[in-house]
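Trainee: Got a minute to walk through this one with me? I'd like to work through it piece by piece.

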Amino acid sequence: MYFPIYRPRRTRQNNFFRDLVRETYLNKNDFVYPLFVCPGSNIKKEIKSMPDVFQYSTDNILRELESLIKSGLKSVILFGIPEYKDPTGSSGAINKGVVQECTREIKKYFSELIVITDVCLCEYTSHGHCGVVKDSKILNDETLELLALQALSHVEAGADMVAPSDMMDGRVGEIRKILDKNGFFNIPIMAYSAKYASSFYGPFRDAAESPPQFGDRKSYQMDMANSREALREVELDIQEGADIVMVKPALSYLDIIYQVKNKFNRPVAAYNVSGEYSMIKAAGKLGWIDEKQVMYETLLSIKRAGADIILTYFAKDILKMI
Ligand code: PBG
């Protein structure tokens, strides 16, 4: 049907019409807020490359959560800045670890909030890689048990869901196994299934103090040029027991989100990563873009592409806006 019979502007002529035909909405339930937790008390340290994002000690996280929950936040994901780092990332799997302690405290005061924990070695290893290193190689199978133990310790501390972000082969299955063996068959796994070796993670590595001390992450994170490979990764994770699959980053990978959503019958999460956040913040601060509107447009695009869940540092701002 062609102009002038069909005029698309008819249903765009005012707010009421636009509201009537709108296809995509952002909902308060969509968002997961990433938090960086460090040891100590009364710490709130801004991350230089991420305005308005902080490393918090647990007491300050509790304070922060009070208002966030009032504005509708349902879920957080925790990243730990540990007391010490070593080659095997052992501080990541201890009962008194920073994420474990924080999880316990959060669940004590806000029992309904969904606490997700990021499971990975890079925040806890002295070399900053996501796996065990030998002769400058990142070992896969040797890493799996350590990841499983870390995941178990998070869940024992009260985590509602674990999110492995390391990109080792077989880790979802290994984590599922250890959780089930310990009676945690009701704890879901949100797998960072298609996680790309991306330069958009730069500011996060400041925040988590986790840049690799040598080399890069290209031998385990995905090549940005590949999309069919992402579908294989997602398929594998589902076979191994992933309940939610994630694409990361989000904005430069909307095509991947779209394909994963259409091909698989699982909730899809997308991680609107640190670099995507900081670009908008920086341009906003310079007055070059309207920060709030660009934030909204970006998050909406991620949802429209097919994400059911969006992990974003903008959670605080968007919850106030919608
Ligand atoms: C840890 C991890 C990273 C991010 C989430 N989990 C960093 C990395 O792989 O280097 C990035 C998040 C962000 O950039 O916001 N493996």
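**Helix, ligand and surface**

Mentor: Sure, and keep in mind that this is a predicted model. Let's start with helix H9, residues 274-285: its 12 residues reach 16 Å from the first C-alpha to the last, close to the 16 Å expected at 1.5 Å a residue.

Trainee: How many of the 12 residues of H9 are buried?

Mentor: Buried means under 20% relative accessible area. Among the H9 residues that pass are Ser 274, Tyr 277, Ile 280 and Gly 284. H9 is mostly covered, and the count of buried residues is nine.

Trainee: Which residues come nearest to the ligand?

Mentor: There are 18 residues around the ligand, so to speak its neighbours. The ones that come nearest are Lys 195, Arg 205, Lys 248, Ser 274 and Tyr 313.

Trainee: How much of the ligand's exposed area does the protein bury?

Mentor: Look at the contacts to begin with. Ligand oxygen atoms are 2.7 Å from a side-chain N or O atom of Arg 205 and 2.6 Å from one of Tyr 313, while a polar side-chain atom of Lys 248 lies 3.3 Å from a ligand nitrogen. Taken alone the ligand exposes 400 Å², and the share buried by the protein is 100%.

Trainee: Over at the segment before helix H1, is Ile 5 buried or exposed?

Mentor: Ile 5 forms a nonpolar surface patch with Met 1 and Tyr 6, about 390 Å² of accessible area together. The cut-off for exposed is over 50%. Ile 5 has a relative accessible area of 56%, so Ile 5 is exposed.

Methods
Residues numbered from 1 in each chain as written. Predicted model: local features only at pLDDT ≥ 70, side-chain atom pairs only at ≥ 80, totals over all residues. Heavy atoms only, no water. Patch = residues over 30% accessible without salt bridge, like charges linked within 9 Å, V, L, I, M, F, W, Y side chains within 5 Å. Areas by Shrake-Rupley, 256 points an atom, 1.4 Å probe, with all protein chains shown as cover. Salt bridge = Lys/Arg side-chain N within 4 Å of Asp/Glu carboxyl O. Buried < 20%, exposed > 50% of the residue type's maximum accessible area, 1.4 Å probe, protein only. Near = heavy atom within 4 Å. Polar contact = N/O pair within 3.5 Å; in protein donor to acceptor, adjacent residues only side chain to side chain. Helix = DSSP H or I, 4+ residues; strand = E, 2+ residues; numbered from the N terminus. Expected span 1.5 Å × (residues − 1).
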